[in-house]
Structures are given as C-alpha cells and as structure tokens.
Amino acid sequence: CANRTQSLNYGCIVENHETNEVLHFVEKPSTFVSDIINCGIYLFTPDIFGQPHWVFQKNQQIQEELTNGKQMPEVIRLEQDIFTTLAGQKKLVVYKTQHFWSQIKSAGSAIYASRLYLKQYHQSHPERLATNQDGTPKIIGDVYIHPTANIDPSAVLGPNVSIGKGVIIGGGVRVRESIILHGAVLQDHCCVLNSIVGWDSTVGKWARVEGTPSDPNPNDPYAKIDSETLFRDGGLTPSITILGCNVSIPSEVIIRNSIVLPHKDLNRSFQNQIIL
C-alpha cells in the first residue's frame, strides 16, 4: 500500500475485500481513490489477448463518431484501456503485499532498490552478507560479495555495495553505494561511488567513478524515490554514473554524473555527459 499523496502517482485499485476482485481501476487519478497501488507485475491467462482487439474496435468506433468517419491511429494502453475495462467484471483480481516496494524507472533507483534488498538480507538472511574477518576487505554496512569475486584485503567496501560474479578488486580500492556487475575489474586505488559498473568493464588505477545519489527525502518516512527526467534545464540531470558492459576507464581520470554506453575505451575525464 501507499499513502494518500503517493497513490496519485500510480494506478489505484478499489478491491472487494472478501474476494480480492478489482472493482475499479484508475491510472494516476487527480484525486484520492485508494491506497492500493499497481506495482506493475501481472499474471494473465491467454484470454487477455482477446481484450486489445475488442478495445481497439470500441475506440475506433468512438473516434469515427468524433471525426466524421475518419479513423485515427490507435494505441492500446494496458492500464488505461484494458484494466479499466476488466475491472468490475470478475476477471481481474489483486494480490496485495506488505513488503517494501520501489519503482525503478530511473537509473538512480537501481542503487536505491539494491539498498532495500541488502537491508532485507540483513534482516532475513544475514549469512548472505559479507562480514569483517582477518584477511578480508573492510566491510561497512550491508555488502554482498559473490563467492567467486577476488578482492584485495586492503579494499574498503560499503555501505550498500553488491559485488558480482568473478569481479576483481585491487588494493586500496574504495567502493560505496554501488553495484559492480560480473567480470568487472577495479584496479588498485580507484574509487567508485554511487555508480553501476557494467559487465567486464575496467576502472584504471587511481581513477574515480562517481555519481550523484537520488535518494528520497530522509525526513519523510513514507518518501519514495522520484523518477527524474534524463535532461533538465538543457543539461543531463545529475544522477548516478553508469558504465555499460566492456567499458575501459583509464588510470587517473574522473568520470562523474555520466552514462557511458557499452564497448567504449575512454581516454580522458568526463562530467555530466552521455558518452555514445
């Protein structure tokens, strides 16, 4: 469930509390409808494929009446067109969960979602998280390390870090609030903050890869991360840094608030850019 203010940003559901049948569905209502929101995970029977055809014909008929017989291009929207039609027909039911939730429509939300999962591991499966031991890297907060990762004991990881399969991390490396995907290499003394390092990418020695966190308001217990637009005021919105797969970052450069597409070999520093 969401609070009243949050619900206006999502599809809202009115249910039959005894049968869980969806009685009414409104996508992003202008006024409060319900605190039960649509989280975007669906389970359909094959019968669902008959609905778009019926909705398409109905919409075309309405448009012909409004445009003097001229047919207009049509787009079928799942939530606005299909769900609103199925609601109240005993064909749509809701499964409610009280677990944590977060939308992941922006790049920065991936790290926030990872933080939520690590927190869940801390509570339900603490054995999955790394701990401070002799001969291992220093761990701060919740950190997941894949068993196949090779990490120098002088590295410092955390809080909120996930290390994937086969990752190699050299001496003196600092990683915080980041996701390091499988096969990536972080060479000696590099620093990765608020970033996602893609598969098989390399960050050179003494390089710095840094993004800007886009966390929800810490003073609001019901706050959720917002979906930032990619551009604002003519420039790239400051957010986390993302390195696509097989990206090579040279030694002693700074990559800040940037998105680097796959298979790029950089040769200098970048800031607030999309590198194609």
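**Pocket lining, salt bridges and backbone geometry of the predicted model**

In this predicted model, the largest pocket is lined by 42 residues, and those that lie nearest its centre are Asn-38, Cys-39, Gly-40, Ile-41 and Tyr-42. Four elements of secondary structure each give two or more residues to this lining: strands E1 (11–15) and E2 (22–27), together with helices H3 (78–86) and H4 (108–124). The volume of the largest pocket is about 1,500 Å³.

The secondary structure of the protein consists of four helices and 23 strands. Of its 276 residues, 38% count as buried. The accessible surface comes to about 16,000 Å², and carbon and sulfur atoms account for 53% of that area. When contacts between residues at least 6 apart in sequence are considered, 35% of them join residues at least 24 apart. On the surface, Phe-231, Leu-261, Ile-274 and Leu-276 make a nonpolar patch of about 390 Å². Of these residues, Phe-231 belongs to strand E16, which spans residues 231–232.

Electrostatic pairing was examined next. Side chains of opposite charge can pair when their charged atoms come close. Six salt bridges were counted in the model. One of the pairs is formed by the side chains of Glu-177 and Arg-115, with an N to O distance of 3.3 Å. Arg-115 is located in helix H4, whereas Glu-177 occupies the loop between strand E9 (174–176) and strand E10 (178–180), so this pair ties together parts of the protein that are 62 residues apart in sequence. Helix H4 is also among the elements that contribute to the lining of the largest pocket. Glu-177 has a relative accessible area of 12% and is therefore classed as buried, the limit being under 20%.

A further group of charged residues is centred on Glu-210. The salt bridge between Arg-208 and Glu-210 has its closest N and O atoms 2.8 Å apart. The side chain of Glu-210 also meets that of Arg-256 in a salt bridge, at 3.4 Å from N to O. Glu-210 is part of strand E15 (residues 208–210) and Arg-256 of strand E20 (residues 254–256), so the second pairing ties together parts that are 46 residues apart in sequence. Through these shared partners, Arg-208, Glu-210 and Arg-256 are joined into one network of salt bridges. As regards exposure within the network, Glu-210 counts as buried at 17% relative accessibility. Arg-208 is partly exposed at 30%, and Arg-256 is likewise partly exposed, with a relative accessible area of 26%.

Contacts away from the immediate sequence neighbourhood were also examined for Asn-150, a residue of strand E5 (residues 150–151). With neighbours within four places in sequence left aside, Asn-150 is in contact with Val-167, Ile-168 and Ile-169. The C-alpha atoms of Asn-150 and Ile-169 are 6.3 Å apart in space, while the two residues are separated by 19 residues in sequence.

The backbone geometry includes several departures from the usual pattern, in which most residues other than glycine have a negative phi and most peptide bonds are trans. Gly-158 and Pro-159 are joined by a cis peptide bond, for which omega is about 0 degrees. Pro-159 is placed in the loop between strand E6 (156–157) and strand E7 (161–163).

Positive phi values occur at Asp-200 and at Asn-257, as described in turn below. At Asp-200, which is not a glycine, phi is about 60 degrees. This residue is found in the loop that runs between strand E13 (195–197) and strand E14 (202–203), and Asp-200 counts as partly exposed at 44% relative accessibility. At Asn-257, also a residue other than glycine, phi is near 50 degrees. Asn-257 is situated in the loop between E20 and strand E21 (259–260). Strand E20 is the element that holds Arg-256 of the salt-bridge network. With a relative accessible area of 7%, Asn-257 is buried.

Methods
Residues numbered from 1 in each chain as written. Predicted model: local features only at pLDDT ≥ 70, side-chain atom pairs only at ≥ 80, totals over all residues. Heavy atoms only, no water. Buried < 20%, exposed > 50% of the residue type's maximum accessible area, 1.4 Å probe, protein only. Contact = heavy atoms within 4.5 Å. Areas by Shrake-Rupley, 256 points an atom, 1.4 Å probe, with all protein chains shown as cover. Patch = residues over 30% accessible without salt bridge, like charges linked within 9 Å, V, L, I, M, F, W, Y side chains within 5 Å. Salt bridge = Lys/Arg side-chain N within 4 Å of Asp/Glu carboxyl O. 1 Å grid on protein atoms, 1.4 Å probe; cavity = no way out; pocket = protein on both sides within 12 Å on 5 of 7 lines; lining within 4 Å. Points joined across faces, edges and corners; volume = space filled by probe spheres on them.
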